[in-house]
Amino acid sequence: MKLDPVIRDQVLATVPSLRAFAISLSGNIDRADDLVQETLLRALAHIDSFEPGTNMPAWLFTILRNLFRSEYRKRRREVEDAEGRYADTLKSNPEQTGRVEFQEFRTALDKLPADQREALILVGASGFSYEDAAAICGCAVGTIKSRVNRARTRLADLLSIDSVDDFGPDRATRAVLAGGGRN
């Protein structure tokens with residue numbers, strides 16, 4: 001793609017101002033140069049979205065500012081750990097157990113009658129009150145309570161567990177089995 005010489009001249013004329021703005025934002029000359037370079041790359045990649053006759057510097061400054069803010073938000077969550085001490089404190093449990101338990105739970109949930117499964121999901125997993133679940137299902141509150149109780153009991157039997165704590169780390173599973181359902 002050939003760049004219009006007028007647009008190219010406008011972009012090049014704005015570079016010193018972009019650099020000064022980037023330095024004021026980042027406080028670091030090297031970082032500012034990287035921001036300007038990335039701004040120019042993005043601007044050229046999307047030059048077809050620029051409308052000739054509008055304010056080129058404003059368009060470029062907007063790209064730079066948005067790029068800086070996006071990177072700032074990303075960097076704010078990063079932790080400096082050059083020697084790896086922080087990384088050593090992080091632990092990750094193997095996925096296999098949780099994945100197997102969740103699959104067992106899904107299989108057991110599928111074995112429940114549709115009305116019990118629906119009530120359990122509404123109250124236990126979605127957090128609806130018994131009253132709201134009853135309104136959604138078009139039945140009495142006592143019916144929903146009964147369906148949820150029967151579903152939890154049947155799930156516990158199917159999964160061979162005595163209590164919710166025996167099932168494992170999956171929060172959604174614990175929520176369904178343990179309760180939910182605001183009165």
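Modeller: Helices are DSSP runs of H or I with at least four residues, strands are runs of E with at least two, and numbering starts at the N terminus. This is a predicted model, in which local features need pLDDT of at least 70, side-chain atom pairs count only at pLDDT 80 or more, and totals for chains, interfaces and linings use all residues. Residues are numbered from 1 along each chain as its sequence is written, and side-chain values use heavy atoms without hydrogens or water.

Biologist: Happy to start with the overall layout! How many helices does the protein chain have?
Modeller: Read along the sequence, the chain runs α-α-α-α-α-α-α-α-α. The strand count is zero, and the number of helices is nine.

Biologist: And what share of the 183 residues in the protein chain is buried?
Modeller: Buried means under 20% relative accessible area, exposed means over 50%, and partly exposed is in between (1.4 Å probe, protein chains only). In this chain of 183 residues, the buried share is 30%.

Biologist: Now for the charged pairs. How many salt bridges are there?
Modeller: The rule asks for a side-chain nitrogen of Lys or Arg within 4 Å of a carboxyl oxygen of Asp or Glu. Side chains of opposite charge can pair when their charged atoms come close. Arg31 with Glu71 is one such bridge, and Glu38 with Arg42 is another. By this rule, the total is five.

Biologist: Let's take Arg31. Which residue does Arg31 form a salt bridge with?
Modeller: The closest N and O atoms of this salt bridge are 1.7 Å apart, and the partner of Arg31 is Glu71. Arg31 belongs to helix α2 (residues 29-45) and its partner to helix α3, so the pair ties together parts that are 40 residues apart in sequence. Arg31 is buried at 18% relative accessible area. Partly exposed at 22% is the residue you asked for, Glu71.

Biologist: What about Glu38 and Arg42: which helix do they both lie in?
Modeller: Their closest N and O atoms are 3.0 Å apart in a salt bridge. Both residues are partly exposed, with 27% for Glu38 and 40% for Arg42. They sit four residues apart, about one turn of the helix, and that helix is α2.

Biologist: Further along the chain, which side chain meets Asp115 in a salt bridge?
Modeller: Asp115 is in helix α6 (residues 114-125) and the partner is in helix α8 (residues 141-159), so this bridge links distant parts of the chain, 32 residues apart. The N to O distance is 3.5 Å, and the partner is Arg147.

Biologist: Of that pair, is Arg147 buried or exposed?
Modeller: Asp115, across the bridge, is partly exposed with a relative accessible area of 30%. Arg147 is found in helix α8. With a relative accessibility of 16%, Arg147 counts as buried.

Biologist: Back in helix α3, how far apart in space are Arg65 and Phe21, C-alpha to C-alpha?
Modeller: Arg65 has its place in helix α3 and is partly exposed at 30% relative accessibility. In sequence, Arg65 and Phe21 are separated by 44 residues. In space, C-alpha to C-alpha, the distance between them is 8.8 Å.

Biologist: One more, please! What is the relative accessible area of Arg76?
Modeller: Arg76 lies in helix α3, which spans residues 56-76. Arg76 is exposed, and its relative accessible area is 55%.
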